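Student: I'd like to take a close look at one part of this structure and see how it fits with what surrounds it. Could you walk me through it?

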Amino acid sequence: MIGILIVCAHDAVKLAETLMRLLEAEQHQVRLSFGRQSQAEIEAAKASSDAVILIWSDNAPSQHYMLEWARQIPQERLIELARTLNWPRSARKPPPIDFTNWRGVRGARAWNALNDRLRAIARSLEPAKPQPKRAALALGLASIAAVGGAIAVRINDAPVALQMAEEEPQTIIALDDIHSGIGGPLRAIEPASADEIDLAPLSAPRFVPIEGHAPELLEISPYTPPDVRDATLIERLSSFNPLRREDDEN
């Protein structure tokens with residue numbers, strides 16, 4: 001964050017205090033100077049790197065000290081806020097920010113424009129960051145290690161490739177037609193007939209004949225279904241009936 005000096009006339013002190021409170025909440029170092037006594041701080045403000053915010057209120061354009069602040073402060077560190085439509089016209093760029101309708105609310109268009117100007121001033125005041133020496137040294141060492149590793153791999157793989165090339169047998173393809181080249185016609189080879197193929201004799205099946213009478217496969221033994229439930233009380237009592245017992249025996 002950067003230092004900020006707010007300069008205004010007496011009729012804009014309330015607005016300046018509101019801006020001061022909001023900017024300090026965003027970690028800025030803010031000072032306020034208003035009235036005729038603020039003219040004594042112009043020389044110190046010119047030598048410093050703080051951003052200067054001028055508030056053009058209704059009475060500000062007629063004040064000599066406000067005009068001196070606008071004339072002597074470098075343009076790259078000056079931010080002008082127009083609280084009235086009577087702000088003094090000049091060829092300065094960028095133009096004043098319209099604060100006529102701002103009611104102290106963050107996120108409004110005027111507030112966002114002010115923050116954009118402050119960020120631009122902060123970027124211009126920050127020195128260029130040098131390239132880290134350790135990072136550059138590490139990058140150089142990594143590049144050297146990568147190149148050395150690639151060379152070592154090529155050297156180690158070269159004898160193996162040569163040995164495999166020497167051990168690989170060379171195949172010579174002979175063609176009947178001397179005028180035929182790669183991709184030319186090929187001589188068809190007729191496959192061998194069935195008489196010329198040696199077939200191994202099939203081994204004898206390992207079946208043992210059945211001695212004696214062959215079993216009747218369709219003969220079915222009598223089947224008695226099992227009882228899948230317990231007898232009821234009535235069935236148990238009926239088993240004691242002598243008359244039914246005689247019928248079962250007959």
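Tutor: Happy to! Let's begin with Pro-96, which is buried, because its relative accessible area is 17% and the cut-off for buried is under 20%. Please keep in mind that this is a predicted model. Pro-96 sits in the loop that runs between β4 and β5. Leaving aside residues up to four places away in sequence, Pro-96 touches Glu-80, Ala-82 and Trp-87. Another residue to look at here is Leu-78: 18 residues separate Leu-78 from Pro-96 in sequence, and their C-alpha atoms are 9.7 Å apart in space.

The two strands that flank this loop, β4 (78-82) and β5 (97-98), lead us on to helix α4, since both are among the elements that cover the buried residues of α4. That cover also includes β1 (3-8), α1 (13-25) and β3 (51-56). The buried residues of α4 themselves are Ala-110, Trp-111, Leu-114, Asn-115, Arg-117, Leu-118, Ile-121 and Ala-122. Viewed down the axis of α4, these buried residues fall within an arc of 160 degrees, so they line one face of the helix. On the face turned away from that buried side you will find the exposed residues Arg-109, Arg-123 and Ser-124.

The length of α4 can be checked too. The helix takes in residues 109-125, and at 1.5 Å a residue its 17 residues should span 24 Å; the end C-alpha atoms are 25 Å apart, which agrees.

For a contrast with Pro-96, turn to Ile-234 in helix α6, which covers residues 233-238. Ile-234 is exposed, because its relative accessible area is 62% and exposed means over 50%. Together with Leu-233, Leu-237 and Phe-240, Ile-234 forms a nonpolar patch on the surface, and the four have about 490 Å² of accessible area together.

Finally, let's step back to the whole chain. The protein chain has 7 helices and 5 strands, and along the sequence they follow the pattern β-α-β-α-β-α-β-β-α-α-α-α. Of its 250 residues, 24% count as buried. Among contacts with a separation of 6 or more, 68% come from residues 24 or more positions apart. The chain exposes about 20300 Å², with carbon and sulfur atoms supplying 57% of that area.

Terms used: Residues numbered from 1 in each chain as written. Predicted model: local features only at pLDDT ≥ 70, side-chain atom pairs only at ≥ 80, totals over all residues. Heavy atoms only, no water. Patch = residues over 30% accessible without salt bridge, like charges linked within 9 Å, V, L, I, M, F, W, Y side chains within 5 Å. Areas by Shrake-Rupley, 256 points an atom, 1.4 Å probe, with all protein chains shown as cover. Salt bridge = Lys/Arg side-chain N within 4 Å of Asp/Glu carboxyl O. Helix = DSSP H or I, 4+ residues; strand = E, 2+ residues; numbered from the N terminus. Buried < 20%, exposed > 50% of the residue type's maximum accessible area, 1.4 Å probe, protein only. Expected span 1.5 Å × (residues − 1). Arc of directions from axis to C-beta. Contact = heavy atoms within 4.5 Å.
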